[in-house]
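Hi,

Here is the structure I said I would pass on. Have a look at it first, and my notes follow underneath.

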Amino acid sequence: MSLEYLVLFLAVCLTALFAVAALWIYERRKFHETIKSLDYFKKLCDELDQNTKLIVQKDLELSRTQESLDQRARELFVLHELGNKIGSVFDESVLAGVISKVLCEEFNFEKTAFFLRLRDKSRLLCLGSYGIQEKSALQEIAGSVERALTQINGSVLAAADSPEPDLHKMAVDLKFHSFLLVPIVLKEEKVGAILVGNSMTSDKIGEDEKDIMNLLANQVAVVIDNSRLYEQLRQSHHLLESKVQERTRELENLNQRLKHLSDMKSDFVSSASHELRTPLTSIQGYSSILTSGKLGPVTPEQQTRLNKIHLHANELVEMINTLLDISRIERGKTEMKMEQFSLKDLIAKVVDLLQPQFSARKIQVRLDLAENMEPAIGDVPQLQRVFINLLSNAVKYAPDNGTGVINVKVSVLKTEYQVSIGDNGVGIPEEALPKLFTEFYRVDTPMNQEIKGTGLGLSLVKRIIEAHKGSVWAASRLGMGTTFHFTLPRKAS
Ligand code: ADP
């Protein structure tokens with residue numbers, strides 16, 4: 001083999017060696033990189049695993065929270081329903097029974113008891129319980145609850161091994177493993193308590209139940225407040241009712257006595273008037289005979305005295321007749337002869353009759369009567385007396401210097417007419433208005449002493465109007481004038 005071939009061969013071998021070496025180095029690097037990637041991948045897998053565990057754990061926690069939230073929502077709903085249910089309960093024993101039962105059935109407490117202080121605030125009583133067999137122990141436990149309430153502020157969550165003696169006694173007597181004592185506070189006063197407890201270790205009562213029970217206790221306090229207010233209201237209503245009945249009875253008795261006295265007065269007035277009328281009529285008669293001179297000559301002086309006797313006798317007879325009329329109408333002995341008549345015509349007739357008096361005192365009469373009035377109903381002669389009395393009074397008290405005015409107005413109301421007779425005269429003091437219609441009452445003024453009158457006119461007016469089922473009243477301003485109003489029916493009743 002020539003040297004060139006050997007060199008070529010060596011060169012080829014070397015090249016091949018280099019190529020193999022390069023390939024080996026390349027493969028080895030690739031192998032390391034793969035190992036590195038595998039490590040990284042493993043790490044990633046570990047992290048993923050960790051995260052998955054975390055997610056599962058969180059999911060578990062979430063579903064536990066969801067469960068307790070569901071339970072809470074359910075309890076709140078039951079609480080709401082319970083609120084609606086007890087809102088209308090006013091009997092405290094019924095309230096205690098309902099709450100104890102619902103707490104066991106809906107809130108899953110094993111045992112409940114409801115304590116309330118009596119209204120006289122003397123002591124705390126157990127008004128209701130549920131799930132408790134040891135009923136005889138309950139009233140004794142009420143004493144422990146009462147003592148415990150004085151020491152606690154807010155509700156107390158306790159266990160069987162509570163160091164506080166009263167709480168411990170509750171746990172022992174009612175076989176509680178865990179329990180909750182919730183005060184019912186009304187206007188800052190502990191008026192009662194709700195006791196709930198479980199005997200199983202697995203059903204330990206916790207803070208969540210405490211919150212719900214506090215809400216319930218607040219609701220119960222409001223219901224108790226309402227029921228006590230209702231009770232107070234009921235009692236005052238009863239008291240008021242019996243007082244009203246008592247007063248009504250008293251008033252009825254007084255009314256009867258008044259009626260009896262009024263009858264007696266009318267009887268007396270009637271018989272006295274009759275007795276007086278007979279001698280007065282003879283005085284009238286004899287004075288007339290004497291005045292006529294039939295029994296002998298009469299001197300002018302005797303004539304003057306006889307005239308006075310006659311005049312006064314006439315006035316007395318007139319007064320007695322009015323008194324008898326009042327008494328008869330009052331006792332219903334004068335029957336009103338009700339008929340349809342025209343008010344307009346009656347007013348025109350009376351105004352015409354009194355025209356001389358109006359003219360004598362220069363008084364102007366103005367009429368303001370509703371157009372097309374239907375007929376009124378009443379006893380015309382008696383109503384004529386009413387108009388004459390009121391108009392004569394208006395004439396007497398209106399000014400006579402030419403400024404005197406009398407207004408006669410008729411207004412049409414729903415079922416009646418209202419007649420108003422007003423003047424611009426002296427007026428009547430306010431304190432005299434309520435007494436105007438009583439017999440013999442005359443307003444005590446110097447001017448009135450100058451004016452003649454008996455104080456019977458308005459009393460007669462009132463009796464006549466009331467016999468027509470109407471009413472009469474006066475309105476006046478001193479120095480400005482007076483208006484008398486009365487009503488009369490439009491339709492026969
Ligand atoms: P008499 O007119 O006979 O005194 P009345 O019963 O008619 O009796 O009236 C009672 C009193 O009412 C009168 O004395 C008078 O003081 C007062 N009075 C009545 N009508 C009027 C009036 N129009 N203006 C002022 N006072 C009046």
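**What's around the ligand**

An oxygen atom of the ligand sits 3.3 Å from a polar backbone atom of Gly-457. Gly-455 also offers a polar backbone atom, 3.2 Å from an oxygen atom of the ligand. Then there's Val-443, with a backbone N or O atom 3.2 Å from a ligand oxygen. How much of the ligand's accessible area does the protein cover? On its own the ligand has 530 Å² of accessible area, and the protein covers 97% of that. Please keep in mind that this is a predicted model.

As for where the ligand sits, the space it takes up is the largest pocket. Its surroundings come to 20 residues, and the closest are Asn-393, Asp-423, Arg-442, Asn-448 and Leu-458. Sorted by class, the shell has 9 nonpolar, 8 polar and 3 charged residues.

Which elements supply at least two residues each to that shell? They are α9 (380–397), α11 (457–467) and β12 (481–489). The largest share comes from α9, with 4 residues.

Zooming out to the whole chain, the domain assignment splits the protein into four pieces:

- domain 1 covers 29–86
- domain 2 covers 90–205
- domain 3 covers 232–334
- domain 4 covers 339–489

Taken over C-alpha atoms, the centres of domain 1 and domain 3 are 108 Å apart.

Cheers

Note on methods:
Residues numbered from 1 in each chain as written. Predicted model: local features only at pLDDT ≥ 70, side-chain atom pairs only at ≥ 80, totals over all residues. Heavy atoms only, no water. Near = heavy atom within 4 Å. Polar contact = N/O pair within 3.5 Å; in protein donor to acceptor, adjacent residues only side chain to side chain. Areas by Shrake-Rupley, 256 points an atom, 1.4 Å probe, with all protein chains shown as cover. 1 Å grid on protein atoms, 1.4 Å probe; cavity = no way out; pocket = protein on both sides within 12 Å on 5 of 7 lines; lining within 4 Å. Sits in = over half its atoms within 2 Å of the grid points. Nonpolar A, V, L, I, M, F, W, Y, C, P; charged D, E, K, R; others polar. Domains from an automatic or database assignment.
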